[in-house]
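This report sets out the computed features of one protein with its ligand. It is written for a reader who has the sequence and the coordinates at hand.

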Amino acid sequence: MTSPVLQVGPLPPMLERALQNDHAAHRLPDDPGAVETFLAEHAEEVRVLVTAGVAGVRGIDADLIAALPRLAAIAHCAVGYDNTDLHAAAARGIAVSNTPDVLTDCVADAAVGLMIDLLRGFSAADRYVRAGRWATAGPFPLTQRVSGARVGILGLGRIGTAIADRLRAFDCTISYHNRHPVPGSAHRYLPSPIALARAVDVLIVAAPGGAATHHLVDAAVLAALGPHGYLVNIARGSLIDEGALIRALRDGGIAGAGLDVFADEPNVPAELRSLDNAVLLPHLASATEQTRAAMSELTLRNVTSFLATGTLITPVPLPGG
Ligand code: GLV
């Protein structure tokens, strides 16, 4: 059976089923050895690729794009699309979509949850109780107050703004850094990641991944955050120099980190896993039933719309576009 739709990597099961039912979609073999045979048979059919863009899975690279002569659209079931070679897509006039807005609330909720866990030590305190240490070692050590904290948001986009909105209810003061100040924003703009880190108690990373933001949080930014500062990352692991972060956590360079994303998912360095001042989540910020259903539905609408009309519902800007 032929199909214009090709799935790359895992997708939410409801989306995978819908793509099969509605479009008889194929799935690119995960085994690299089987890809060539698959492409020899199906490459000419494919007009739309669908991917969740999860780390640890093949991205939509220039080779894959070049191997699909009729490819015209790439639909991501994710807000981030840094695993796709946008330059290669733009050079061929291939349209790209993502799933903005529908996941903003859950990702912002997760960022605030990580921040509270980190400052109040909930995950560490849970381990303390389970290990029987409350009874043997006494009360858990004192932690840090969340309400009123000075928070810096690196990347005041849709998700960064939703995080700021939530934290206003905690009387937090919000500063941010973007490449340019956000017109009309009530929050204080700081001109660099270092200036932002220096001014806050908690630095929350919410900027897109990709080459332009690679290691935006490096050893110097962590030093500016300082021994009493906390880092939260719900964006992409590529934004942080993970080696520098591990050293800062280990040596008291910063107080702690709450991480939902990592440099080489799903592989989290053993040294990071051994640190009690880190809260580590398996990239779950948007992973609620409601949000994954909304992301699946929006992705499907993008695919169906493109096949019917040649336009995507939530396209992303392409380089040079
Ligand atoms: C999740 O990380 C996403 O990009 O949607």
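In which helix is L249 found? L249 belongs to helix α11. The model is predicted, and the values below are to be read accordingly. With a relative accessibility of 3%, L249 lies under the 20% cut-off and therefore counts as buried. The C-alpha atoms of L249 and P227 are separated by 8.9 Å in space, while 22 residues separate the two in sequence.

**The ligand and its surroundings**

Six residues are considered here. The ligand is surrounded by A78, V79, G80, L103, R236 and H283. By class, this shell consists of three nonpolar residues, two polar residues and one charged residue. Polar atoms of V79, G80 and H283 and their distances to the ligand are listed in the table.

| Residue | Polar atom of the residue | Ligand atom | Distance |
|---|---|---|---|
| V79 | backbone N or O | oxygen | 2.7 Å |
| G80 | backbone | oxygen | 2.8 Å |
| H283 | side chain | oxygen | 2.6 Å |

On its own the ligand has 190 Å² of accessible area, and the protein covers 86% of that area.

R236, another residue of the shell around the ligand, is located in the loop that connects β10 (230–233) with α11 (242–251). Is R236 buried or exposed? Its relative accessible area is 16%, which is under 20%, so R236 is classed as buried. The side chain of R236 also forms a polar contact with the side chain of D82, at 2.9 Å.

**The five-stranded sheet**

One open sheet is built from five strands in the order β2-β1-β3-β4-β5, with parallel pairing. Its edge strands are β2 and β5 (95–97), each of which pairs on one side only. As a general matter, the strands of a sheet pair through backbone hydrogen bonds, in either a parallel or an antiparallel sense.

The pairings can be followed across the sheet from β2. Strand β2 (residues 26–27) is joined to β1 by two bridges in the parallel sense, and here H26 stands opposite L6. On to the next pair, β1 and β3 (residues 48–51) run parallel and are joined by four bridges. Within this pairing, Q7 has V50 as its bridge partner, and L6 has L49. L6 thus has a place in both pairings, opposite H26 in β2 and with L49 in β3.

Strand β3 in turn pairs with β4 (residues 73–76) over four bridges, again in the parallel sense, and V48 stands opposite A73 there. Finally, three bridges link β4 and β5 in a parallel pairing, in which A75 is opposite S97.

How are the side chains of β1 and β3 arranged? In a regular strand, side chains alternate between the two faces of the sheet. In β1 (residues 5–8), V5 and Q7 point one way, L6 and V8 point the other way, and all of these residues are buried. In β3, V48 and V50 lie on one side and L49 and T51 on the other; all are buried, and both faces of the strand are covered.

**The seven-stranded sheet and the annotated domain**

A second open sheet has seven strands in the order β8-β7-β6-β9-β10-β11-β12, and its pairing is parallel. The edge strands in this case are β8 (188–189) and β12 (278–280), each pairing on one side only. Strand β10 pairs with β11 (residues 256–259) in the parallel sense over four bridges, with N233 of this pairing standing opposite L259. Strand β10 also borders the loop that holds R236.

The UniProt record, an unreviewed entry, places the feature "domain: D-isomer specific 2-hydroxyacid dehydrogenase NAD-binding" at residues 112–285. Over residues 112–285, the chain is 36% helix and 16% strand. The C-alpha atoms at the two ends of this stretch are 11 Å apart.

How values were computed: Residues are numbered from 1 along each chain as its sequence is written. This is a predicted model: local features need pLDDT of at least 70, side-chain atom pairs count only at pLDDT 80 or more; totals for chains, interfaces and linings use all residues. Side-chain values use heavy atoms; hydrogens and water are left out. A residue is near a molecule or strand if one of its heavy atoms lies within 4 Å of it. A polar contact is a pair of N or O atoms within 3.5 Å; within protein, one must be able to donate a hydrogen and the other to accept it, and residues adjacent in sequence count only if both atoms are side-chain atoms. Accessible areas come from the Shrake-Rupley method with a 1.4 Å probe; for residues, only the protein chains shown count as cover. Ala, Val, Leu, Ile, Met, Phe, Trp, Tyr, Cys and Pro count as nonpolar, Asp, Glu, Lys and Arg as charged, and the others, Gly among them, as polar. UniProt positions are given in the numbering used here, feature names are shortened, and annotations may be inferred rather than shown by experiment. Buried means under 20% relative accessible area, exposed over 50%, partly exposed in between (1.4 Å probe, protein chains only). Two strands pair if DSSP finds at least two bridges between them.
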